[in-house]
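Open the model in your viewer and keep the sequence panel beside it. We will go from stop to stop, with something to select at each one.

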Amino acid sequence: MHLPEQMLPLPLLAVLTGPSTTAFIRLGAMDNPVPARSSSGASQTPGPAAVLPTRLGADPAGGYGWVSIVLHWATVAVLLPLWFVGYATSHPGSESVLKLIHTHTTIAVCAYALLWLRVLWRFRQGHPAPLPRQRAWSVRFGKTLHYLLLIAIAVMLISGPLMAWTGGDAIHVFSAAIPSPLPKLPQLSTWLLAVHRTTSRIIMLAILVHVCAVLKHVAFNHDGILGRMLIAARRTTGR
Ligand code: HEM
Ligand code: HEM
C-alpha cells in the first residue's frame, strides 16, 4: 500500500541535514510547482517536479504539510513563554530583573533559528487555498493577520539583540555570554526597546484576535480550519 509522504511526520532536522539540505536549498530557489489557488487543481496530475517539494515537507495542495504544522505549534510553545518572561522583565514582582532578562535571552537565542525558519517558511510557501464556503474578506483578513504576526516576530528577532548590544550589554545564554560586537549607543538602544516593547504588544493583540478567529470557525463555521493545522493535508485533496 502506498502511504502519501505527507502522512509521515517529517522531523525538522531531517529537512535541514544530510542529503536533504541541498534539495531544501534548491526548493527555496524555485516556485512551488503546485499552484496555490487553482480551482481546477483536483483534475491536474502532479508531474515529477511536484513530488520533490512534497517529499521535503512543502505544503501539499489541500492545506498544511507536517513542516508547517510542526513550525506553527513549536512557535506557539516558544513564543508564549518568551513573551511572558519578557513582559515580566518590566513587571518583575519579587524576581530579579537580571535573572528574568537572562531567562528571556536564553530562550530567545535557543529558539532564534527556529523562529527565523518559521517566518521565512511561510513567506516561501504562501497560504493554502481557502476552505470551501470561506468568504473573501475572511481569507484576506486571516492572511493579513498571519503576515502581520510573522513580520512582528522578525522585528522582535532583530530589535532584541540590537537593543541589548547597543545598550552595552552582553546577551546571556545559560551561563555563557555573547559579547557585544557593536559600540555603545544608548539613544539607539532606548529607541529599540520602544520598538521591541510596542511590537510585543502588537503580537499579543494579534494572537488574541487570531485565537478568537479560530474559535469562531470551530464554534460557528465547522469548516475544519483547526483540523488542517493539526493533521497534514493529503496532496489529492485539490485546491
Ligand atoms: C519573538 C521573540 C521575542 C519576543 C516575543 C520578546 C518579547 C519581549 C517582551 C514582551 C519584553 C518586555 C518589553 C517591556 O515591556 O519592557 C522583552 C524584553 C527584552 N527582550 Fe525580548 N522578545 C523576543 C526576542 C528577543 C531576542 C531575540 C532578544 C535578544 C537576544 C531579546 C532581548 C530582550 C531584552 C534584553 C529585553 C529586556 C529589555 C529591558 O527591559 O532592558 N528579545 N522581550
Ligand atoms: C492556541 C493558540 C493557537 C491556535 C488554536 C492556532 C490555530 C491556527 C490555525 C487553525 C491556523 C490555520 C488557519 C488557516 O488555515 O487559515 C493557524 C495559522 C497560523 N497561525 Fe495560529 N494558532 C494559535 C497560536 C498562534 C500563535 C501564538 C501564533 C504566533 C506566531 C500563530 C500564528 C499563525 C500563523 C502565522 C498562521 C498561518 C500559517 C502558518 O504560518 O503557520 N498562531 N493557526
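Two residues are in contact if their C-beta atoms, placed from the backbone, lie within 7 Å. Keep that cut-off in mind for the contacts on this tour of a predicted model.

**Stop 1: the whole chain**

Colour the protein chain by secondary structure. You should find 8 helices and 2 strands, and from the N terminus on they run α-α-α-α-α-α-α-β-β-α. The chain has 239 residues, of which 21% count as buried. Among contacts between residues at least 6 apart in sequence, 71% join residues at least 24 apart.

**Stop 2: confidence**

Now colour by pLDDT. The average over the protein chain is 81, and 75% of the residues score at least 70. Select residues 1-53: here pLDDT stays under 50, and the model has 60 contacts beyond four places in sequence for this stretch. Where pLDDT is low, the predicted coordinates should not be read in detail. You may like to fade residues 1-53 before going on.

**Stop 3: helix H4 and the largest nonpolar core**

Select residues 66-90, which form helix H4. H4 has 25 residues and reaches 37 Å from its first C-alpha to its last, close to the 36 Å expected at 1.5 Å a residue. Which residues of H4 are buried? Show the side chains of Trp 66, Val 67, Ser 68, Ile 69, Val 70, Leu 71, Thr 75, Leu 79, Leu 82, Val 85 and Gly 86 to see them.

Next, add Tyr 64, Trp 121, Ala 232 and Ala 233 to the selection; together with Trp 66, Val 67, Ile 69, Val 70 and Leu 71 they make up the largest nonpolar core, 9 residues in all. Helix H4 provides the largest share of this core, 5 residues.

Centre on Leu 71. What does Leu 71 touch once its neighbours within four places in sequence are left aside? The contacts are Leu 117, Arg 118 and Trp 121.

**Stop 4: around ligand 1**

Select ligand 1 and show the 26 residues around it; Gly 86, Ser 90, Ala 108, Gly 160 and Ser 200 come nearest. The elements giving two or more residues to this shell are H4, helix H5 (97-110), helix H6 (112-125), helix H7 (136-166) and helix H8 (186-221). H4 gives the most, with 7 residues. Colour the shell by class and you will count 17 nonpolar, 8 polar and 1 charged residues.

**Stop 5: around ligand 2**

Move on to ligand 2, which is surrounded by 18 residues. Label His 72, Arg 122, His 146, Val 214 and Met 229, the closest of them. At least two residues of this shell come from each of H4, H7 and H8, and H4 has the largest share, 5 residues. By class, the shell holds 10 nonpolar, 6 polar and 2 charged residues.

**Stop 6: helix H7 and its partners**

Select H7. How far apart are its end C-alpha atoms? They are 44 Å apart, which agrees with the 45 Å that 31 residues should span at 1.5 Å a residue. Its buried residues are Leu 149, Ala 152, Met 156, Ser 159, Gly 160, Met 163, Ala 164, Trp 165 and Thr 166. Show H5, strand E1 (171-173) and H8 as well, as the buried residues of H7 pack against these elements.

Draw a distance line from the C-alpha atom of Leu 149 to that of Ile 202: the two are separated by 8.3 Å, although they are 53 residues apart along the chain. Ile 202 lies in helix H8. With 15 other C-beta atoms within 10 Å, Ile 202 is partly exposed.

**Stop 7: positive phi angles**

Most residues other than glycine have a negative phi. Look first at Gly 168, which follows H7 and has a positive phi near 85 degrees.

Then select Arg 133, in the loop between H6 and H7. Arg 133 is not a glycine, yet its phi is positive, about 75 degrees. Is Arg 133 buried or exposed? Arg 133 is exposed, because it has 8 other C-beta atoms within 10 Å and the cut-off for exposed is 12 or fewer.

End at His 222, in the segment after H8. His 222 is not a glycine either, and its phi is positive at about 45 degrees. His 222 is exposed, with 8 other C-beta atoms within 10 Å.

Notes. Residues numbered from 1 in each chain as written. Chains lettered and ligands numbered in written order. Predicted model: local features only at pLDDT ≥ 70, side-chain atom pairs only at ≥ 80, totals over all residues. Core = buried A, V, L, I, M, F, W, Y, C linked by C-beta atoms within 7 Å. Buried ≥ 20, exposed ≤ 12 C-beta atoms within 10 Å, placed from the backbone. Helix = DSSP H or I, 4+ residues; strand = E, 2+ residues; numbered from the N terminus. Expected span 1.5 Å × (residues − 1). Near = placed C-beta within 6 Å. Nonpolar A, V, L, I, M, F, W, Y, C, P; charged D, E, K, R; others polar. pLDDT = per-residue confidence, 0-100.
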